[in-house]
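Biologist: Got a minute to go through this model with me? I'd like to talk helix packing and then pockets.

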Amino acid sequence: MGRIVGKAQYRDILLGAGLLWATFALVLWPEQAMGAMRDGIKLCGNVILPSLFPFFVLSSLVVELGMSRYLGKLLEPVMAPLFRVNGNCAAALALGFVGGYPVGAQTAIQIYENGQCSRTEAERMLAFCNNSGPAFILGVVGAGVFGSGAAGLLLYLTHLLASLLVGMLFRFYKPGEGPQTRRGRGPQFQAANFSKSFTKSVTGTLCSTLNICAFILFFTVFLRILAHAGVLAGAARLLSALLTPLGMDQTWAERLLTGLVEVSSGVSSLTDGTLSGRLSMAAFMLGWAGVSVHCQVMAFLGDSGLSIRTYVIGKLLHGALSASLTALLFRHIPLSAPASFYLAEQTEAIAQLDFNRALTISAAAAWGVWLAFLALTVYVVQKNSGKGRRNVV
């Protein structure tokens, strides 16, 4: 089978057959396709655009204005020994933890294209900096799917820990190449070009978020058609037969296949079954992120020349480590422990906020982080200027 798919002529035949089937499916089931499209548009308008847009503008400004260079100077002692990347990459890691998919990946690609890190460093960062945001895991998955802020907190902590572990593993990727040195590339804060950078960030961010929405709409319709045609159920039967030794039945296999393609649809399907199994599968889906998110990252990669293979391997490792850590912690740390219970109460309070208030808090948090970056940059500039004057004297 692999040899057949590897040949161009057979690949074209399979692709043509798939496109022909998709066309007939849209003609045969227009109501299902239109319903899925409406659901996707609602998701993009109510969740994706409001939640991602502020963080995309923030990440773009951090890179365009050169703030990541100053942050890099401060965080070099942490990033270099742990992840074998220079400090400039810290912006991608931080924004990836806060902003959600695919803010971290987009920031890492921008840092590379602006010449602030090497190709190897960018590929190392892509393997672990594209993470789910706290709002999605704590609110949608924890409080929404599992009805428990403690479950959301557990998933978020294991998600972050697994991401850091993947980063430390990928420090051995291309071991002959270390972090890019700062020689001949001192920090340059481009404050004079703020208006140009701000305009470019806002317009570029709108294009980026529309690209993300396009992939979400496509995969929402794609999964709905596959489910209605029975293709998803057939593939799930085959997968469950292969994974019978692991105790996976058809229902769990169908959930897994859905999550492999689109993470939000996958975790939303985990409404019944054993809590430990649901948590572990949700952790894997969140770490893997789904083909939909990977296509979004590929759109950002463009002609950058960065390897998509290392990114995909990193996401597989992230999913496997997240699931393992979640299963381990679930056995040894009760979700009703005092500290966990207190944090869970705060999580549930956040998740119960109405959408407009949650959006206001999200935007305020984004700009608060940006202002913190700005204040830190100004402090470093003044400190370096003072050192320069003393050296001249």
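**Helix crossings and a pocket**

Modeller: Sure. Helices H8 and H9 cross in a right-handed way. Keep in mind that this is a predicted model.

Biologist: What angle do H8 and H9 pack at, and how far apart are their axes?

Modeller: The angle is about 145°, and the axes are 8 Å apart. H8 covers residues 134-145 and H9 covers residues 149-169.

Biologist: Which residues make the contact?

Modeller: From H8, Pro-134, Ile-137, Leu-138, Val-141 and Gly-142. H9 supplies Gly-152, Leu-153, Leu-155, Tyr-156 and His-159.

Biologist: How many charged residues are in the contact of H8 with H9?

Modeller: There are no charged residues there. The contact has 7 nonpolar and 3 polar residues.

Biologist: Switching to H12 and H14. Where do they sit in the sequence, and how do they cross?

Modeller: H12 is residues 250-261 and H14 is residues 275-288. Their axes come within 9 Å and cross at roughly 20°.

Biologist: Why call H12 and H14 roughly parallel?

Modeller: Angles under 35 degrees count as roughly parallel. The crossing is at roughly 20°, so H12 and H14 are roughly parallel to each other.

Biologist: Left-handed or right-handed, for H12 and H14?

Modeller: Right-handed. On the H12 side, the contact is made by Trp-252, Arg-255, Leu-256, Gly-259 and Leu-260. On the H14 side, look at Gly-277, Arg-278, Met-281, Phe-284, Met-285 and Trp-288.

Biologist: And how do the residues of that contact of H12 with H14 divide?

Modeller: Into 7 nonpolar, 2 polar and 2 charged.

Biologist: Next, H6 and H15. At what angle do they cross?

Modeller: Roughly 15°, with the axes coming within 10 Å. That makes H6 roughly parallel to H15. The crossing is right-handed.

Biologist: Which residues of H6 and H15 make the contact?

Modeller: Ala-105, Gln-106, Ile-109 and Glu-113 of H6 meet Val-297, Phe-300 and Leu-301 of H15. By class, 5 are nonpolar, 1 is polar and 1 is charged.

Biologist: OK, pockets. How much space lies in the second largest pocket?

Modeller: About 330 Å³. It has 19 lining residues, and the closest to its centre are Gln-106, Gln-110, Gly-204, Ser-208 and Phe-300.

Biologist: Which elements give two or more residues to the lining of that second largest pocket?

Modeller: H3 (30-64), H6 (103-113), H10 (194-229) and H15 (291-301).

Biologist: Which one gives the largest share of the lining?

Modeller: H10, with 9 residues.

Biologist: And how many nonpolar, polar and charged residues are in the lining of that pocket?

Modeller: There are 6 nonpolar, 10 polar and 3 charged. Gln-106 and Phe-300 turn up in the H6 and H15 contact, and they are also among the residues closest to the pocket's centre.

Notes
Residues are numbered from 1 along each chain as its sequence is written. This is a predicted model: local features need pLDDT of at least 70, side-chain atom pairs count only at pLDDT 80 or more; totals for chains, interfaces and linings use all residues. Side-chain values use heavy atoms; hydrogens and water are left out. On a 1 Å grid over the protein atoms alone, a cavity is a set of points where a 1.4 Å probe fits but cannot get out, and a pocket is an open set with protein on both sides within 12 Å along at least five of seven lines; lining residues have an atom within 4 Å of a point. Grid points are joined across faces, edges and corners, and a volume is the space filled by probe spheres set on the points. Helices (H or I, at least four residues) and strands (E, at least two) are DSSP runs, numbered from the N terminus. Ala, Val, Leu, Ile, Met, Phe, Trp, Tyr, Cys and Pro count as nonpolar, Asp, Glu, Lys and Arg as charged, and the others, Gly among them, as polar. Axes are lines fitted to C-alpha atoms, for helices over the stretch in contact, and angles run from 0 to 180 degrees between N-to-C directions. Angles under 35 degrees count as roughly parallel, over 145 as roughly antiparallel, 65 to 115 as roughly perpendicular and the rest as oblique. A crossing is left-handed if the near helix is turned anticlockwise from the far one by less than a right angle, and right-handed if clockwise. Contact means heavy atoms within 4.5 Å.
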